[in-house]
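Opened the notebook for a pass through this one. I want to go through charges, packing and rings in turn.

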Amino acid sequence: MNLSSTAEAIKNYKLNFDWRNGFESWSVVPTTDNYHMIAPNLGLEATGANQIKDIIFGFCTKNELEQQLVDIIEHGKYVTCVLNLKTKSGDKIQCVEVFLLDDSGRVDKIWAL
């Protein structure tokens, strides 16, 4: 399956994720100025690059989060990643992230479920 350039950027980011430079690696993925992410099971929500960096990637750093990309699917304006996550304390989490792209192909919303 052919992925859009944004989906390919997400895939590359997920395949090479390292909590030590998570935001720097993520910043190559095209996003809208006020993109929004919510991770309801973790109680995390952030809007815009500064909050994403502080809140979301702060969580990743604090927990030394490891990510393994299991699958990526693109369907219209949606990109879905199936992930296995592991924290430094050994907690394992199965997660699905859904990215909504705008008409220009930039990430506008992210749900981590």
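**Entry 1, charged pairs.** I began with Arg106 and Asp102, whose side chains meet in a salt bridge at 2.7 Å, N to O. This is a predicted model, so I am reading every distance here as a property of the prediction. I checked how open each partner is. Arg106 comes out partly exposed at 34% relative accessibility. Asp102, at 18%, counts as buried, because the cut-off for buried is under 20%.

How many salt bridges does the count give in total? I get four.

Next I pulled up Asp18 and Arg20. Their side chains form a salt bridge too, with N to O at 2.9 Å. Asp18 is partly exposed at 27% relative accessible area, while Arg20 is exposed at 59%.

Then I looked at Asp103 and Lys77, where the closest N and O atoms of the salt bridge are 2.5 Å apart. This pair links distant parts of the chain: Asp103 is in the loop between strand 5 (92-101) and strand 6 (107-112), Lys77 is in the loop between strand 3 and strand 4, and 26 residues separate them. Asp103 is exposed, with 70% relative accessible area. Lys77 is partly exposed at 42%. My side note: side chains of opposite charge can pair when their charged atoms come close.

**Entry 2, the loop around Gly76.** While at Lys77 I also looked up Gly76, which lies in the loop between strand 3 (66-75) and strand 4 (78-86). Is Gly76 buried or exposed? I have it as exposed, at 66% relative accessibility. I also took a C-alpha distance: Gly76 and Leu101 are 25 residues apart along the chain, and their C-alpha atoms are separated by 8.7 Å.

**Entry 3, Thr32.** I went back to Asp102 and Arg106 from the other side, through Thr32 in strand 1 (residues 31-39). Thr32 is buried, with a relative accessible area of 10%. Leaving aside neighbours within four places in sequence, I find Thr32 in contact with Asp102, Arg106, Val107 and Asp108. So both partners of my opening salt bridge are on the Thr32 contact list, because contact here means heavy atoms within 4.5 Å. I also noted a polar atom of the Thr32 side chain 3.3 Å from the backbone nitrogen of Tyr35.

**Entry 4, helix 1.** Which residues of helix 1 (residues 5-15) are buried? My list reads Thr6, Ala7, Ala9, Ile10, Tyr13 and Lys14. Seen down the axis of helix 1, these buried residues fall within an arc of 160°, so they line one face of the helix. The face turned away from that buried side carries the exposed residues Ser5 and Leu15. I then asked what the buried residues of helix 1 pack against, and got helix 2 (22-26), helix 3 (48-62), strand 3, strand 4, strand 5 and strand 6.

**Entry 5, the nonpolar core.** The largest nonpolar core has 32 residues. Those with the most contacts inside this core are Ile10, Trp26, Ile52, Phe57, Phe99 and Val107. Ile10 was already on my list of buried residues in helix 1, and Val107 was among the contacts of Thr32. I followed up Ile52: not counting residues up to four places away in sequence, Ile52 touches Phe23, Tyr35, Met37, Ala46 and Phe57. General reminder to myself: in soluble globular proteins, nonpolar side chains tend to be buried together.

**Entry 6, rings.** The aromatic count comes to five pairs. I looked at Phe23 and Phe57, whose ring centres are 5.6 Å apart with planes at 75°, so this pair is edge-to-face. Phe23 lies in helix 2 and Phe57 in helix 3, so the pair ties together parts that are 34 residues apart in sequence. Both are buried: Phe23 has 16% relative accessible area, and Phe57 has 9%. For Trp26 and Tyr35 I get ring centres 6.2 Å apart and planes at 45°, so this pair is tilted. Trp26 and Tyr35 are both buried. Last lookup: which residues make up the aromatic cluster? Tyr13, Phe17, Trp26, Tyr35 and Phe99 form it.

Notes:
Residues numbered from 1 in each chain as written. Predicted model: local features only at pLDDT ≥ 70, side-chain atom pairs only at ≥ 80, totals over all residues. Heavy atoms only, no water. Buried < 20%, exposed > 50% of the residue type's maximum accessible area, 1.4 Å probe, protein only. Core = buried A, V, L, I, M, F, W, Y, C linked by side-chain atoms within 4.5 Å. Arc of directions from axis to C-beta. Phe/Tyr/Trp six-rings, centres within 6.5 Å; stacked < 30°, edge-to-face > 60°. Polar contact = N/O pair within 3.5 Å; in protein donor to acceptor, adjacent residues only side chain to side chain.
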